[in-house]
Amino acid sequence: SSGINAEWPLRPGGNPTRESRTSSGISTLQVHEKPIKCVSVIKGEGDVIITGSLDQNLAMVRSEADKMEQVFVLKGHTETVNCSGVSPSQHQLASGSWDTFLKIWTTSLNEPCDEEEKKKRRKKSSSEPLLRTPL
């Protein structure tokens with residue numbers, strides 16, 4: 001069964017890993033420091049929600065049943081991310097920005113993050129989402 005509910009709002013701002021549930025059953029997850037401009041969804045056993053924001057980043061959020069978890073921050077744009085779209089194969093994501101660049105990203109949740117990020121992770125334990133740069 002699909003973990004995504006079209007009624008779930010994703011709110012900008014605050015702690016990027018904070019999740020809450022209201023009494024009405026609506027989940028929210030704060031994944032950006034500024035307003036969200038675009039959303040793409042990859043449907044599957046565990047859906048993946050990708051958001052782009054005025055904060056120049058994209059966020060990849062895993063949604064399973066009634067739980068959402070941010071797994072990657074996609075950094076590479078230098079201006080607001082305005083649009084995103086998933087390829088028909090669902091293996092790549094394209095994002096467009098006011099910086100005039102089109103960036104292509106992997107959508108795999110299993111591929112490793114950047115080498116620098118992996119080195120940082122080994123040195124300290126962190127609950128922050130992993131960093132990923134374009135392909």
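**Exercise 1. Work out how exposed R62 is, then find its charged partner.**

Start with R62: at 26% relative accessibility, R62 counts as partly exposed, because that label lies between buried (under 20% relative accessible area) and exposed (over 50%), using a 1.4 Å probe and protein chains only. Before going on, note that this is a predicted model, where local features need pLDDT of at least 70, side-chain atom pairs count only at pLDDT 80 or more, and totals for chains, interfaces and linings use all residues. Residues are numbered from 1 along each chain as its sequence is written, and side-chain values use heavy atoms, leaving out hydrogens and water.

Next, look for the partner. R62 forms a salt bridge with E69 (3.8 Å, N to O); the term asks for a side-chain nitrogen of Lys or Arg within 4 Å of a carboxyl oxygen of Asp or Glu. E69 is partly exposed too, at 37%.

**Exercise 2. Find how many salt bridges the whole structure has, and describe the one made by D47.**

The search finds two. D47 meets K43 at 3.6 Å, N to O. D47 is buried, at 0% relative accessibility, whereas K43 is partly exposed at 45%.

**Exercise 3. Trace the open sheet from edge to edge.**

First, write the order of its five strands: β3-β4-β5-β6-β10, with mixed pairing. Strands are DSSP runs (E, at least two residues), numbered from the N terminus, and two of them pair if DSSP finds at least two bridges between them. Then mark the edges, β3 (36-42) and β10 (130-132), each pairing on one side only.

Finally, zoom in on β6 (residues 67-75): three bridges join β6 to β10, and the two run parallel. Here F72 stands opposite L130 in β10.

Note on methods
Helix = DSSP H or I, 4+ residues; strand = E, 2+ residues; numbered from the N terminus.
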